[in-house]
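I open this notebook to record what I looked up on nonpolar packing, aromatic rings and the nonpolar surface.

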Amino acid sequence: MSYDADEAEIEASRAPLLDHLVELRQRLIICVVAIVVGFAVCFAFSEQIYRFLLHPFAMAAAMYAESRQGHSAGPFDLLFVLLGMKDAPTATGDLRLMFTAPLEFFFTKLKLAGFGAVVLTFPVLAWQVYAFVAPGLYKRERYAFLPFLIAAPILFLMGAALVYFLILPFVLWFSLSQQIMGAGIAVELLPKVSDYLTLVTTLLLAFGLCFQLPVVLTLLGLAGIVNSAMLWKGWRYAVFAVVVVAAIVTPPDPISQLMLATPIILLYFVSIGCVKLIELRRKKEDASAGTDIVAT
């Protein structure tokens, strides 16, 4: 039977504790080396990466300046510019950010390099974790776990793209609209370089992690902790929780909150479908195993 073969395979992969510790040390070394290399690469290109993250802000500032001169412009126009569906403003001007401590921008680049290193080396880190625990899994569990190594970074990138092309334009436009110009008063947005990086990385992490909902719920379904009936029964509570989380992690404007809550709610219902598929496959496997036992 397949279960006997799985047990035999796991038994054959058993090793003394010292061997496991040696393997763990080797994989930790690989992870550290990968992060160090990724950090060095990201720090070498930290200025270019920061400029890339500043691009939505630069376009927002330029288009907002045009709107104050009587040109028709709004957050949706900014969205179309970032997506390449509309020409960028011609008179972009100079975008001004500031830092108030001598080493603030240097430490900002260090933080940016650290964040970029984790994102860049995630496939290596995830594979090392999987390779370490895989010998203790059944073959069918290894095959079931592999798709999540691909789905997790793809979903994170989807969340990051939503931030860059949708959320940031509305957040920045809302922030710029709070400025006061005229009548001898100037209340101008001059963000610090560290504050802007904190805003961007917070949004990227919030959306990227929230987009892991299908992965988390499907893994819980595989482990038998949740089932599709339970998830469907509690969808109202899930929607309420998603709205609360969206209100906490996004800036205080309803559009960005709606843009986070809507895809997460859709992903929740997609997760119910994934868990249901797992249950159907499990029933089919159990029925097949029962048939084999009767035939034996």
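**Buried rings and cores**

I looked up Y50 and found it buried, with a relative accessible area of 5%; buried means under 20% relative accessible area, exposed over 50%, and partly exposed in between (1.4 Å probe, protein chains only). The model is predicted, so I note that local features need pLDDT of at least 70 and side-chain atom pairs count only at pLDDT 80 or more, while totals for chains, interfaces and linings use all residues. Residues are numbered from 1 along each chain as its sequence is written, and side-chain values use heavy atoms, with hydrogens and water left out.

I then checked Y196, which is also buried, at 3% relative accessible area.

Next I looked up the largest nonpolar core (buried Ala, Val, Leu, Ile, Met, Phe, Trp, Tyr and Cys residues joined through side-chain atoms within 4.5 Å). This core has 43 residues, and those with the most contacts inside it include Y50, Y196, F207 and I264. Among the helices that each supply at least two of its residues are α3 (46-68), α8 (193-210) and α12 (254-295); helices here are DSSP runs (H or I, at least four residues), numbered from the N terminus. Helix α7 gives the most to this core, with 12 residues. I recorded another core apart from it, of seven residues, among them V226, L231, Y268 and V275.

For F207 I listed the contacts (heavy atoms within 4.5 Å). Leaving aside neighbours within four places in sequence, F207 touches G159, L162, V163, I167, T250, M259 and L260.

**Aromatic pairs**

I find 14 aromatic pairs in the structure. Rings of Phe, Tyr and Trp (its six-membered ring) pair if their centres lie within 6.5 Å; planes under 30 degrees apart count as stacked, over 60 as edge-to-face and the rest as tilted.

The ring centres of Y50 and Y196 are 6.4 Å apart and the planes stand at 70 degrees, so I enter this pair as edge-to-face. Because Y50 lies in helix α3 and Y196 in helix α8, the pair ties together parts 146 residues apart in sequence.

F52 and Y164 have ring centres 4.7 Å apart and planes at 5 degrees, so I enter them as stacked. This pair links F52 in helix α3 with Y164 in helix α7, 112 residues apart. Y164 counts as buried, at 10% relative accessibility.

I also noted one aromatic cluster, formed by Y50, F57, F99, F105 and Y196.
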